[in-house]
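Trainee: I have a chain to go through before the next bench session. Can we take it step by step?

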Amino acid sequence: MENRANKFLWGTKFLMLTQIIKKSELDQYITTFGPGQTIFLEGDESQDLYILLSGHVDILKGNKNIAEINIGGSLFGEMSFFLGARRTASVKARNEVRAIRIPQEEIPNFLRDFPNVAEDITKLLAKRLNET
């Protein structure tokens, strides 16, 4: 059952990612990070949202690796935007990473254009809350 749920989740992310990539005005937000490069630091004031296109990122609290993300279409950086707060963790590229960086001021428009992303964020935040 778990494997089926993971396949469905990956398939959903893939479809969402395909829709997002087709939107040419988002091309300007595609960015690349080299291996070991910091994407953002815990405590930063930035509130941009990231969508992983390819690569592998580590999520760190202090020096402790608390999570990793390596599935295209996965989101990160959403907590600071929704909390209106500083970054709660650091994110570093484990290998070459390509991501879409949605600037804070563009996130409401992005979520209006892609309501499935808002639904994914809601599920992600609920899951994190349940795990604490």
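The questions below go from the whole chain to its sheets and then to single residues.

Trainee: What is the mean pLDDT of the protein chain?
Mentor: Keep in mind that this is a predicted model. In the protein chain, 80% of the residues reach a pLDDT of 70 or more. The mean pLDDT is 82.

Trainee: Over which residues does pLDDT stay under 50?
Mentor: Look for a stretch with few links to the rest. The model has 1 contact beyond four places in sequence for this stretch. The stretch with pLDDT under 50 is residues 1-12.

Trainee: How many helices and strands does the protein chain have?
Mentor: Read along the sequence, the pattern is α-β-β-β-β-β-β-α-β-β-α-α. The count is 4 helices and 8 strands.

Trainee: What share of the residues counts as buried?
Mentor: The protein chain exposes about 8000 Å², and carbon and sulfur atoms supply 53% of that area. Burial is counted over 132 residues. The buried share is 35%.

Trainee: Among contacts between residues at least 6 apart in sequence, what percentage joins residues at least 24 apart?
Mentor: One example of a link across the sequence is Thr31 and Ala99, which are 68 residues apart along the chain. Their C-alpha atoms are separated by 5.5 Å. For the protein chain, the percentage is 77%.

Trainee: Which strands are at the edges of the open sheet that holds β8 and β3?
Mentor: Four strands form this sheet, with antiparallel pairing. The order is β1-β8-β3-β6. An edge strand here pairs on one side only. The edge strands are β1 (30-33) and β6 (75-76).

Trainee: Which residue in β8 stands opposite Tyr50?
Mentor: Start with the two strands. Strand β3 covers residues 49-54 and strand β8 covers residues 97-102. They pair in the antiparallel sense over 5 bridges. Opposite Tyr50 stands Arg101.

Trainee: Is Thr31 buried, partly exposed or exposed?
Mentor: Thr31 is in strand β1. Beyond four places in sequence, Thr31 touches Val97, Arg98, Ala99 and Arg101. Buried needs under 20% relative accessible area, and exposed needs over 50%. At 23% relative accessibility, Thr31 is partly exposed.

Trainee: Which strands stand at the edges of the sheet that holds β7 and β4?
Mentor: This sheet is open and antiparallel, in the order β2-β7-β4-β5. Each edge strand has a single partner, so one side of each is left without a neighbour in the sheet. Neighbouring strands of this sheet are turned by 30 degrees against each other on average, direction ignored. The edge strands are β2 (38-40) and β5 (64-69).

Trainee: Which residue in β7 is the bridge partner of Thr38?
Mentor: β2 and strand β7 (residues 90-93) run antiparallel and are joined by 2 bridges. β7 also pairs with β4, in the antiparallel sense over 4 bridges. There, Asp58 stands opposite Lys92. The bridge partner of Thr38 is also Lys92.

Trainee: Why is strand β4 called largely enclosed?
Mentor: Strand β4 has 5 residues, 57-61. It is largely enclosed by the rest of the structure because of its buried residues, which number 4 of the 5.

Trainee: Which residue takes a positive phi in the hairpin of β4 and β5?
Mentor: β4 and β5 run antiparallel, joined by 5 bridges. Val57 has Ile69 in β5 as its bridge partner. The hairpin has 2 residues between the strands. The residue with positive phi, near 65 degrees, is Gly62.

Trainee: Are the rings of Tyr50 and Phe76 stacked or edge-to-face?
Mentor: The whole structure holds 6 aromatic pairs. For Tyr50 and Phe76, the ring centres are 5.1 Å apart and the planes are at 5 degrees. Planes under 30 degrees apart count as stacked. So the pair is stacked.

Trainee: Which strands does that pair link?
Mentor: Tyr50 and Phe76 are 26 residues apart, in distant parts of the chain. Tyr50 is buried at 5% relative accessibility, and Phe76 is buried at 2%. The strands are β3 for Tyr50 and β6 for Phe76.

Trainee: Which residues form one aromatic cluster?
Mentor: Begin with the stacked pair, Tyr50 and Phe76. Two Phe residues join them in the cluster. The cluster is Phe33, Phe40, Tyr50 and Phe76.

Technical notes: Residues are numbered from 1 along each chain as its sequence is written. This is a predicted model: local features need pLDDT of at least 70, side-chain atom pairs count only at pLDDT 80 or more; totals for chains, interfaces and linings use all residues. Side-chain values use heavy atoms; hydrogens and water are left out. Two strands pair if DSSP finds at least two bridges between them. Buried means under 20% relative accessible area, exposed over 50%, partly exposed in between (1.4 Å probe, protein chains only). Contact means heavy atoms within 4.5 Å. Axes are lines fitted to C-alpha atoms, for helices over the stretch in contact, and angles run from 0 to 180 degrees between N-to-C directions. pLDDT is the predictor's confidence in each residue, from 0 to 100. Accessible areas come from the Shrake-Rupley method with a 1.4 Å probe; for residues, only the protein chains shown count as cover. Rings of Phe, Tyr and Trp (its six-membered ring) pair if their centres lie within 6.5 Å; planes under 30 degrees apart count as stacked, over 60 as edge-to-face and the rest as tilted.
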